[in-house]
Every structure is written in structure tokens, then in C-alpha cells.
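Reader: I am a first-year student, and I should like to understand one part of this structure closely, the aromatic residues, together with what surrounds them. Could you please take me through it step by step?

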Amino acid sequence: MLGNPDTPYTALALEQVRTAAAIMRQPLAVFEARTAEQLPTAVDEAIMSGAAGMLVLEDPVLLGAMQRSIDLLANARLPAIYGPRNYAEAGGLISYGPDQRQMSRRAAEYVDKILKGASPASLPVEQPTKFEFVINLKTARALGLDVPPTLLARADEVIE
């Protein structure tokens, strides 16, 4: 897993990923990148450790270096899964995460309610309810990966 351990989201997600890995008895190695400049070192460490794939947990630093992280992992021939769909659209192998468009619509509805007089404290906190699974087949081919038809059928979008 690649992430910035100083980001609260990453710390929380890392706890969940560690729990899932333990339940499934899968090894988990964590590679830290607190700055964009630390990305090459983190990817090199992953390669040296024998990592077979990478889960990238985004934060403002890694989102700002999105293309760089995609390129580094692709050049290392390390398959990776990301959260936001724009990673797959930019050349990442797979993305699976909340539908950002739906979240924006819901945020706009909250703004509308607040502007009409609702107290923000009275509005419930909502979790995402729609997730998107995007596969970039062009990247899969470049990595020499065959994506099973059953996985392609489950994708919300397949980028050719």
C-alpha cells in the first residue's frame, strides 16, 4: 500500500486495510510518501520488497502528483488500484471509489438546504452510496495482464 501516513484519511484507511489483510491472511507492506519527491523512493522500496501490486490511498499530496505516481508504477510494471476514477482515466490500471459526481450532487443539495435556512447541524452526515469500478484495458495490456471477462463484466466502465 502506498500512502501518506500523516493524512487522517490514510491513517484510518490503513487500519481498515490491515484488518482486511489479516482476516484474509494476506501479507501487507506499507510504503510511505509524505511528499511528491518521496514517490520514487516508495516505489523503489515496493519493487525491492517483491510487491506484486499496489493499493494507492490518495491524499492531497498524492492527488497533486497523480500522473507522476501512475507513471512511476507503470514504469515499474507494478499493477495498482486507486480510489478516484480520474486515476484510471489518466492511465492507472483500476479505480474503485465513491462516485464523485453523485457526491457533488448531494453536496449541492446540502448547500441548497442551508441557503434556504436549514441549520447545518441539523443535517445528517451521509456516507457515499454509489461506487464506481473502472478498468483501464490499455494499461492492462501494457502491463501484460489478462483481465478476466467476469471482472470486465462487473466494471462500471472499461477504458479501451
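Author: In this predicted model, Y96 has a relative accessible area of 45% and is therefore partly exposed, since that value falls between the limits of 20% for buried and 50% for exposed. Its relative accessible area of 35% places F131 in the partly exposed class as well.

A search of the whole structure yields three aromatic pairs. A pair of aromatic rings is described by two quantities, the distance of the centres and the angle of the planes. Y96 and F131 make a stacked pair, with 5.8 Å from centre to centre and 20 degrees between the planes. This pair connects distant parts of the chain, for Y96 belongs to strand 5 (residues 94–98) and F131 to strand 6 (residues 131–136), and the two are 35 residues apart. Together with F133, the residues Y96 and F131 form one aromatic cluster.

Another of the aromatic pairs joins Y82 and Y87. The ring centres of Y82 and Y87 are 4.5 Å apart and the planes meet at 10 degrees; because planes under 30 degrees apart count as stacked, this pair is stacked. Y82 and Y87 are both buried.

Y82 leads on to the nonpolar interior. In soluble globular proteins, nonpolar side chains tend to be buried together. The largest nonpolar core here has 19 residues, and Y82 is among those with the most contacts inside it, along with L2, M54, V56 and L73. Helix 2 (39–49), helix 4 and strand 4 each contribute at least two residues to this core. Helix 2 gives the largest share, four residues. The surroundings of M54 can be listed in detail: leaving aside residues up to four places away in sequence, M54 touches M1, L2, F31, A46, L73, L78, P79, A80 and I81. There is also a second, separate core of nine residues, which includes L137, A140, L143 and V147.

Helix 2 also contains D44. With a relative accessibility of 42%, D44 counts as partly exposed. The C-alpha atom of D44 is separated by 9.6 Å from that of F31, a residue 13 places away along the chain.

Helix 1 (8–23) may be considered next. At 1.5 Å a residue, its 16 residues should span 22 Å, and the end C-alpha atoms are 23 Å apart, which agrees. The expected span is taken as 1.5 Å times one less than the number of residues. Which residues of helix 1 are buried? They are T10, A13, L14, V17 and A21. Seen down the axis of helix 1, these buried residues fall within an arc of 110 degrees, so they line one face of the helix. They pack against strand 1 (2–3) and strand 3 (54–55). The face turned away from this buried side bears the exposed residues P8, L12, A22 and I23.

Just after helix 1, R25 adopts a positive phi of about 55 degrees, although R25 is not a glycine. R25 sits in the loop between helix 1 and strand 2 (31–32). Its relative accessible area is 76%, so R25 is exposed. R77 also has a positive phi, near 60 degrees, and is likewise a residue other than glycine. The place of R77 is the loop between helix 4 (66–75) and strand 4 (80–82). At a relative accessible area of 48%, R77 is partly exposed.

Finally, helix 6 (residues 100–115) allows a similar check of length. Its 16 residues should span 22 Å at 1.5 Å a residue, and its end C-alpha atoms are 22 Å apart, in agreement with that expectation. At the start of helix 6, a side-chain oxygen of D99 comes to within 2.9 Å of the backbone nitrogen of R101. Q102 is found in helix 6. Q102 has a relative accessibility of 18% and counts as buried, because buried means under 20%. When residues up to four places away in sequence are not counted, Q102 touches T129 and K130. After helix 6 comes G117, with a positive phi near 110 degrees.

Key. Residues numbered from 1 in each chain as written. Predicted model: local features only at pLDDT ≥ 70, side-chain atom pairs only at ≥ 80, totals over all residues. Heavy atoms only, no water. Buried < 20%, exposed > 50% of the residue type's maximum accessible area, 1.4 Å probe, protein only. Arc of directions from axis to C-beta. Contact = heavy atoms within 4.5 Å. Polar contact = N/O pair within 3.5 Å; in protein donor to acceptor, adjacent residues only side chain to side chain. Phe/Tyr/Trp six-rings, centres within 6.5 Å; stacked < 30°, edge-to-face > 60°. Core = buried A, V, L, I, M, F, W, Y, C linked by side-chain atoms within 4.5 Å.
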